[in-house]
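Here are a few exercises to work through with the model open beside you. Try each task before reading its solution.

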Amino acid sequence: MRKRLLAIKYLYEGKNRTEVSAIIGCNYKKLLIEKQVIDRQDALKLNERDAQRRKRVLERYHGNALKTGLDFYHAAMIFQHGDDPGDYLLAHDLAIAALTFKDKGAEEAKWLIAATQDRFLMHLGRPQRFGTQQITTKPNANNFRCASIYNLDNSPASVTDEHRQILNVPTLKQAQEKLEEWNKKCKD
């Protein structure tokens with residue numbers, strides 16, 4: 001586990017996988033196999049932990065314990081990472097509520113308003129409006145995943161880049177450029 005954490009740290013700092021394997025003295029394939037096993041175990045624990053968090057946030061929400069924009073923003077973020085469209089819809093409503101406050105939560109909530117709507121639509125199988133949600137491919141040999149913007153609404157009533165910027169969402173061109181930069185890693 002310690003080697004895995006060190007590997008993550010070094011990768012985050014910009015070292016490539018070969019350098020990381022040499023630094024920590026561990027075969028990358030061994031690390032990858034360990035990571036996959038741990039990831040499966042972690043995913044189950046994470047899902048359980050997230051469900052408990054949502055339960056606690058719901059208790060606070062129904063108990064009128066959310067008092068600031070930041071409270072509403074954090075609650076929205078927890079439900080943004082929920083399991084079903086109902087979670088995403090509540091996240092959207094909480095993010096809108098956060099925007100009504102004049103604290104840090106209001107500014108943070110702008111992007112989340114767009115992201116919660118997009119995630120809600122995506123999970124209904126509908127095109128997203130702001131372009132905040134991505135889909136990924138299976139990992140390549142280096143365990144990188146290519147990403148692309150999930151199906152985007154191209155109707156005449158679609159969201160403009162100016163609207164995106166009001167909500168702190170990158171323009172479509174900026175989002176595409178960022179993905180192209182990211183995807184260079186998955187093609188190696």
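**Exercise 1. Two asparagines**

In which loop does Asn168 lie? Then describe its backbone and its exposure, and do likewise for Asn64.

Solution. Keep in mind throughout that this is a predicted model.

Step 1: Asn168 sits in the loop between helix H7 (161-166) and H8.

Step 2: Look at the backbone. Most residues other than glycine have a negative phi. Asn168 has a phi near 60°, a positive value in a residue other than glycine.

Step 3: Turn to exposure. The relative accessibility of Asn168 is 38%, so Asn168 counts as partly exposed.

Step 4: Now take Asn64, which belongs to the loop between H3 and H4. Its phi is positive too, at about 55°, although Asn64 is not a glycine. With a relative accessible area of 55%, Asn64 is exposed, the cut-off being over 50%.

**Exercise 2. H5 against H6**

Work out how H5 and H6 are oriented, and which residues make their contact.

Solution. Two packed helices are described by the angle between their axes and the distance between the axes.

Step 1: Helix H5 (residues 85-99) packs on helix H6 (residues 104-123) at an angle of about 155°, and the axes are 8 Å apart.

Step 2: Angles over 145 degrees count as roughly antiparallel, which means that H5 is roughly antiparallel to H6.

Step 3: The crossing of H5 past H6 is left-handed.

Step 4: On the H5 side, the contact includes Pro85, Tyr88, Leu89, Ala91 and His92. On the H6 side, Gly105, Ala106, Ala109 and Phe120 are among the residues that take part.

Step 5: Sorted by class, this contact of H5 with H6 has 13 nonpolar, five polar and two charged residues.

**Exercise 3. H4 against H6**

Repeat the analysis for H4 and H6.

Solution. Step 1: The packing angle of H4 and H6 is about 25°, with their axes 9 Å apart.

Step 2: Angles under 35 degrees count as roughly parallel, and H4 and H6 are therefore roughly parallel to each other.

Step 3: H4 and H6 make a left-handed crossing.

Step 4: H4 contributes Gly69, Leu70, Tyr73, Ala76, Met77 and Gln80 to the contact, while H6 contributes residues including Lys104, Glu108, Leu112 and Arg119.

Step 5: The contact of H4 with H6 divides into seven nonpolar, four polar and three charged residues.

**Exercise 4. Into the core**

Which residues touch the most other members of the largest nonpolar core? Follow the contacts of one of them outward.

Solution. Step 1: The largest nonpolar core has 15 residues, and Phe79 and Leu94 touch the most other members.

Step 2: Helix H4 (69-80), H5 and H6 each supply at least two residues of this core.

Step 3: Another core, of five residues, lies apart from it, with Ala114, Val159, Leu167 and Val169 among its members.

Step 4: Set aside neighbours within four places in sequence, and Phe79 is in contact with Arg54, Val57, Leu58, Asp87, Tyr88, Leu90, Ala91 and Leu94.

Step 5: Follow Arg54, which lies in helix H3 (residues 28-62). Is Arg54 buried or exposed? Its relative accessibility is 7%, so Arg54 counts as buried.

Step 6: With neighbours within four places in sequence again left aside, Arg54 is in contact with Ile78, Phe79, His81, Gly82, Asp83 and Asp87. Asp87 thus appears in the contact list of Phe79 and in that of Arg54.

Note on methods:
Residues numbered from 1 in each chain as written. Predicted model: local features only at pLDDT ≥ 70, side-chain atom pairs only at ≥ 80, totals over all residues. Heavy atoms only, no water. Axes fitted to C-alpha atoms, helices over the stretch in contact; angles between N-to-C directions. Helix = DSSP H or I, 4+ residues; strand = E, 2+ residues; numbered from the N terminus. Parallel < 35°, antiparallel > 145°, perpendicular 65-115°, else oblique. Left-handed = near helix turned anticlockwise from the far one by under 90°. Contact = heavy atoms within 4.5 Å. Nonpolar A, V, L, I, M, F, W, Y, C, P; charged D, E, K, R; others polar. Core = buried A, V, L, I, M, F, W, Y, C linked by side-chain atoms within 4.5 Å. Buried < 20%, exposed > 50% of the residue type's maximum accessible area, 1.4 Å probe, protein only.
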